[in-house]
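Trainee: I would like a close look at one part of this model, the strands that pair in hairpins. Please take me through the pairing step by step, then place it beside other parts.

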Amino acid sequence: CVIISKSSMETQFALTETVYKTIDAECFVIRDEEFIINDAVGTSVSFVNDGERVARGDTVSVVFDSPEDAEDYLKARELKKSIAHYEELEGQANFQPLNINSLTRKINNELTDYLDAVDTRNFSDALSSAELFRDSVTGKQIAIGKALDLSDKLAQLNNELEALDTKNLDFTEIKTENAGYFISGADGYEKTLNFNDVDNLTPKALKKAIKSKPENVSSDVVGRTVSSFKWYIACVIDSDKTVDISNDKKIYLNFPEAGIEKLPVKIHRIGDRTEKETVVIFSCDEMNEALSDFRIEKIEIITDEYSGFKISNSSIRTIDGQQGVYIVRGNLMGFRKIKIIYTTDDYSIVTSPENESGYIKLYDKVVTEGVDLYDNKLI
């Protein structure tokens, strides 16, 4: 009996975790978009990343008559960038930073920024962070006395640049007519819903837009400018769920398929709640390359956030009217009280009141499965 009792006991550590209460929905993203039109034919080279702000009259890309011209132009641009980079490093060779520890922290922070950017699929920031990390590592090598002779490399790059004949390249500049965010190309949904008519959007019209097919886009459309820095995320949800959404709460959205979590938004409008379903429209003023690609997306509306110890419901017992769990410490079993703040079918989030003894603590070994459990039992 003792062997069976011991073998059937299972435990888990009490660890702090944050979980969200969410409402699942499908949304349609509405922006104040205007097409950038140009009938130039050839090979395009972009100057601006999606989601970047542009001013009226900015050059967002150039179109070359041939792929060879575009290739020469890009190669020359990269060579100039590399030359500037190595000239800067050559200047650092005569400068010895005094605080190596500070430089090391800078390297660690830039590596963390790079990993965070990759994790969030922000590849533009990832590239920038990688370049900063590379330069800082090289700077540290110089600081600790490593010899660095870049004269041969600079001579090679300058010779390659001189060999490229880029003076007579034919190209057409594509400029913006409006200021705002830039987004390349078009997805065919730009005119599906009217940006200026979002306050009159009905559940029927929104559902139709979400299920619609994209319209054909003219071949002379090379991109879009989003004039308003505020854009909308519209969805249809059950009216009874809207009680969890109010203006006095901080509202965040998850985009699980895009890997974006806790995008801060504001409630722009909640529709007529007298029907079974209602339109809920959120507004957002953040923009980047990943967000600029959104149109019809699955979202999770975060209505509440709970932080505490996440434990299996199978571990919760009620002793003398007090909810708690059994823990194992050393070779003794003990009962610890809990305060449940959120529960699901499988787990609960529990906390411990401050300055009160007898409650669950961080890293307690909680018994999730077992028989004949009691306080001060010898294990």
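Mentor: Start with one pair of residues: Ile319 stands opposite Gln322 in S16. Keep in mind that this is a predicted model. Ile319 belongs to strand S15, residues 317-319, and 3 bridges join S15 to strand S16, residues 322-329. The two strands run antiparallel. They form a hairpin with 2 residues between them. One residue in that turn is Asp320, with a positive phi of about 50°.

Now follow S16 to its next partner. 6 bridges join S16 to strand S17, residues 332-337, again antiparallel. Arg329 in S16 has Leu332 in S17 as its bridge partner. S16 and S17 also form a hairpin, with 2 residues between them. Here Gly330 sits in the turn, and its phi is positive, about 70°.

S16 also pairs with strand S20, residues 365-369. That pairing is antiparallel and has 2 bridges. Val328 stands opposite Lys365 in S20. As a general point, strands of a sheet pair through backbone hydrogen bonds, either parallel or antiparallel.

Next, a sheet elsewhere in the chain. This open sheet has 4 strands in the order S3-S9-S8-S5, with antiparallel pairing. Strand S3 (33-37) and strand S5 (53-54) stand at the edges, each with a single partner strand, so one side of each has no neighbour in the sheet. The partner of S3 is strand S9, residues 221-226, and 5 bridges join the two. Within that pairing, Ile36 is matched with Gly223 in S9.

Then a helix. In helix H6, residues 203-211, the buried residues include Leu206, Ala209 and Ile210. They lie on the same side of H6, because they cover an arc of only 100° around the axis. On the other side, Lys204, Lys208 and Lys211 are exposed. Strands help cover the buried residues of H6: among them are S2 (16-30), S10 (231-238), S13 (277-284) and S14 (296-312).

Last, the largest pocket. Its volume is about 290 Å³. Helix H2 (67-92) and helix H4 (123-143) are the elements that give two or more residues to its lining. H4 provides the largest share, 4 residues. The lining includes Phe47, Arg77, Glu78, Lys81 and Glu131. By class, the lining residues divide into 3 nonpolar, 4 polar and 5 charged.

Notes: Residues numbered from 1 in each chain as written. Predicted model: local features only at pLDDT ≥ 70, side-chain atom pairs only at ≥ 80, totals over all residues. Heavy atoms only, no water. Buried < 20%, exposed > 50% of the residue type's maximum accessible area, 1.4 Å probe, protein only. Arc of directions from axis to C-beta. Contact = heavy atoms within 4.5 Å. Pairing = 2+ DSSP bridges. 1 Å grid on protein atoms, 1.4 Å probe; cavity = no way out; pocket = protein on both sides within 12 Å on 5 of 7 lines; lining within 4 Å. Points joined across faces, edges and corners; volume = space filled by probe spheres on them. Nonpolar A, V, L, I, M, F, W, Y, C, P; charged D, E, K, R; others polar.
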